[in-house]
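User: Please take a close look at one part of this structure and walk me through it. Short sentences suit me best.

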Amino acid sequence: MSRDDYDNAKASKVRISCMKRYMRLTWFRVLALLCILLLFVTYNRRNVGLTSYEEPIFDKESFDKTEQTPIETPAQSSAHSIVHVNWQERQNTVRKAFKHSWDGYVRDAWGCDEYHPISHRGSNLTEIGIGFTIVDSIDTLLIMGLNDEYQRAREWVANSLDFDQNYKVNVFETTIRVLGGLLSAYHLSGNDTLFLSKAIDLGDRLLGAFASSSGIPFAYVNLALGKGIVSHFSGGLSSTSEAATLQLELKYLSYLTDNKEYWKKAEEVMFAIDSLDKADGLVPIFINPDDGKFVGKTITLGARGDSYYEYLLKQYLQTSRTEPIYRRMYDHSMNGVKMRLVDYSSPSKLLYIGELIGLYDSLNSKMDHLVCFMGGNLGLGATLGKSIREMEHLSFKELEDLRLGKELTRTCAEMYFQTATGLAPEVAHFTSLSDSSNNAKDIYIKRLESHNLLRPETVESLFILWRLTGDVQYREWGWKIFEAFEKYAKFEDGGYTSLDDVTSIPPGRRDKMETFWLAETLKYLYLLFGSNDQIPLDKYVFNTEAHPLPIFTPSRKIRGQGWSRQ
């Protein structure tokens, strides 16, 4: 072999060797990229949103690492401002706020239905009142361990609570606040029969509201006569939410007393609604007690619609999941919410639940603060009250519902944090993606809707999502909201008051402390900062006035005939 041939052969071997090394490196890079892509797809399917309809297996370790919401907003960033927090101290601060509210009421308005702290007076919803504030607050007193205050309230119930009044009361408000309050007090007091006997007396009087030709309850009832009265405000119509938000209370009363009549009346309302045509499970906000038919086409999860959807899920949970009809109705309605009512704002893409004024009208971007209960409700429907870390797996639907609940709750927190006072308005409007402009804000507030009534719905969802996820951001948001109430709603001479305009400082005061401030808002804040063992969500359902009622198992259930003990 010549020198030239030798050199050529050697060069050829070198080229072949280099090419082999290059090919090996190329294949290594390809395999590495494929692995990275596979990990990315797996991560996104499990934690951001599934790309197929397979049922996923819930990975607890992955959840622990990836639970944070992807987009950090001003609300989220506040969750990291405090590293070491004494939550018991914060809980005690909420307890002091309750006592400040209660002491003002006791001093100025004892026995009255409502309290006006600035003018130091009370007022009644009937001629002599039935102590709405007292009865609505008893279970909060028990939960907070305010024993002296509880004894005084119990004494008033024993000696002064009288339902024999020739006056009409709203069936819904009286059921959720007074009947619900008495039943919760009965259970939490260790079955004090005083509260049960008063609940039976009231329940018997409320049954008269169901004496319509359709079984749909009238909006009002005369307590002394036990006679239902139509609502003149709405032309004789009943609100759908009000007619369908009496069931938890009457069913539990039926369970305690073995009186099937309470159960039957409450249940027949639901069967009647189930038989009506709906828009993907969504219902109009008015129903006629004469013929049992829906009236109008307005659909909202706000006023007159909200707690219908809440009680679908909670009726299913209350009876230990023995009544699947309510789970079916709930799932159907939530599919309708996702299809017809969910939208995103611009520019931050905040999820909100809008309204339909007509069935086929475009979505109205208005959202009542009342809708903010749905964040927690969606989470509750996904886990049935269990902590996520206790769940072995979550289906695609459950993960999606939990995601929607978390995003809606983030939006509701922003309704607070984006105002001058740090408190939410009664109603918010959103700039939809289709209507956005370069200078658009996500949330805008109309002057006539800028008041704050000390409502509980957002802190309710914060409490539930904290219990379900263990994510401390919900506690931090709750504390930030509580601090705003302390700054602007607290009246130093006693009590807290509703505000006139959350967008201005000072916000102006309305001189009224709603009973749900004591029954709901402060109770949820107290539980948010406390131990998860107190009122566990897989052992209790909260009625729409935040009165915890124990979950029970009916001995026997017959459609339309209530239940009976065996």
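Analyst: **Two threonines and a pocket**

Thr-175 touches Gly-180, Leu-206, Leu-246 and Glu-249, leaving out residues up to four places away in sequence. Touching, or contact, means heavy atoms within 4.5 Å. This is a predicted model, in which local features need pLDDT of at least 70, side-chain atom pairs need 80 or more, and totals for chains, interfaces and linings use all residues. Numbering runs from 1 along each chain as its sequence is written, and side-chain values use heavy atoms, without hydrogens or water.

Where does Thr-175 sit? Thr-175 lies in helix 7. Helices (H or I, at least four residues) and strands (E, at least two) are DSSP runs, numbered from the N terminus. Thr-175 is buried, because its relative accessibility is 2%. The cut-offs are under 20% for buried and over 50% for exposed, with partly exposed in between (1.4 Å probe, protein chains only).

Helix 7 spans residues 171-188 and is one of the elements that each supply at least two residues to the lining of the largest pocket. Helix 7 gives the most to that lining, with five residues. Other contributors include strand 3 (168-170), helix 12 (306-318) and helix 18 (515-528). The volume of this pocket is about 960 Å³. In all, 42 residues line the pocket, and those closest to its centre are Asn-170, Phe-172, Glu-173, Arg-177 and Glu-242. A pocket is an open set of points on a 1 Å grid where a 1.4 Å probe fits, with protein on both sides within 12 Å along at least five of seven lines; lining residues have an atom within 4 Å of a point. Volume is the space filled by probe spheres on the points, joined across faces, edges and corners.

Now turn to Thr-544. Thr-544 is found in the loop between strand 14 (540-542) and strand 15 (548-550). Leaving aside neighbours within four places in sequence, Thr-544 is in contact with Phe-172, Ile-176, Thr-245, Ser-307, Glu-310, Tyr-311 and Glu-520. The side chains of Thr-544 and Glu-310 share a polar contact of 2.8 Å (N or O atoms within 3.5 Å, one able to donate a hydrogen and the other to accept it; sequence neighbours count only through side-chain atoms). Thr-544 counts as buried, because its relative accessible area is 16%. An unreviewed UniProt entry marks Thr-544 as a "binding site"; such annotations may be inferred rather than shown by experiment.

Finally, the whole chain. The chain holds 18 helices and 15 strands. Of its 566 residues, 58% are buried.
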